[in-house]
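Please walk me through this structure, from the sheet to the helix that packs on it and then to the core.

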Amino acid sequence: MNRPMTINPTDLRIGQGYDVHAFAEGRRLVLGGVDIPHVRGLLGHSDADVLAHAVADALLGGIRGGDIGKLFPDDDPAFKDADSLKLLAAVADKVRSEGFAILDVDSVIAAQAPKLSPYRDQMRANLAEALGVPVENVGVKATTTEHLGFEGREEGISATAVCLLCRCR
């Protein structure tokens, strides 16, 4: 007979992540592991996938493990042009090694351009695969900022993410 999983409220953790990258000429635009056609990409040491970075920071926040820069420093040549989905998968492994299960992730990308809705489902699928969770446990939304702020002026893109973790017994 299978016993139902018991969850103590103190075993639940919420993590929040935020990341931002400026636009740069001559770079690819990668969001959620999807190469998106655009005139500019994002500046960063890795592939500058702002969405994957925000999700990684949310997970690390949930286990009180610092931030993505602590694990993958931007002055370490080993991470030059790194695939951020691989970094995210390593973070997910760290979360599990700390005894937590990833229950849910939700995120928002703020970008005036390009239009991101055609890529949302692939972003969700890529993130879910990197996290090792079902795609229905990953949310990705995109919004403009109505031409306000650095995103609205098309100077860069930001992303926020939240996650729910459980130390399941």
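Start with one residue pair in this predicted model. Ser107 stands opposite Ala161, which belongs to strand E7. That pair introduces two strands, E5 (101–110) and E7 (156–166). E5 and E7 run antiparallel, and nine bridges join them.

E5 also pairs with strand E6 (138–143). Here the strands run parallel, with six bridges. One of the pairings is Asp106 with Gly139, the latter in E6.

Now step back to the whole sheet. It is open and has five strands, in the order E4-E1-E7-E5-E6, with mixed pairing. E4 (41–42) and E6 stand at the edges with a single partner strand each, so one side of each has no neighbour in the sheet. For E4, the partner is E1 (residues 12–24): two bridges join them, and the strands run antiparallel. Ala24 has Gly41 of E4 as its bridge partner.

Next, take helix H3. This helix covers residues 84–97, 14 in number. From first C-alpha to last, H3 reaches 20 Å, close to the 20 Å expected at 1.5 Å a residue. At its start, a side-chain oxygen of Asp83 comes to within 2.8 Å of the backbone nitrogen of Leu85. Just after H3, Gly99 takes a positive phi of about 90°.

Which residues of H3 are buried? They are Ser84, Leu85, Leu87, Leu88, Val91, Ala92 and Val95. These residues lie on the same side of H3, because they cover an arc of only 155° around the axis. On the other side, Lys86 and Ser97 are exposed.

What do the buried residues of H3 pack against? Their partners are the helices H1 (50–62), H2 (68–71) and H4 (120–131), plus the strands E5 and E7.

That brings us to the core. In soluble globular proteins, nonpolar side chains tend to be buried together. The largest nonpolar core here has 46 residues. H1, H3, E5, H4, E6 and E7 are the elements that give two or more residues to this core. H1 gives the most, with nine residues.

Within this core, Leu59 and Leu131 have the most contacts. Leu59 touches Leu131 itself. Leaving out residues up to four places away in sequence, Leu59 also touches Leu88, Val91, Val95, Ile102, Cys163 and Leu165. Among these, Leu88, Val91 and Val95 are buried residues of H3.

Conventions
Residues numbered from 1 in each chain as written. Predicted model: local features only at pLDDT ≥ 70, side-chain atom pairs only at ≥ 80, totals over all residues. Heavy atoms only, no water. Helix = DSSP H or I, 4+ residues; strand = E, 2+ residues; numbered from the N terminus. Expected span 1.5 Å × (residues − 1). Buried < 20%, exposed > 50% of the residue type's maximum accessible area, 1.4 Å probe, protein only. Arc of directions from axis to C-beta. Contact = heavy atoms within 4.5 Å. Polar contact = N/O pair within 3.5 Å; in protein donor to acceptor, adjacent residues only side chain to side chain. Core = buried A, V, L, I, M, F, W, Y, C linked by side-chain atoms within 4.5 Å. Pairing = 2+ DSSP bridges.
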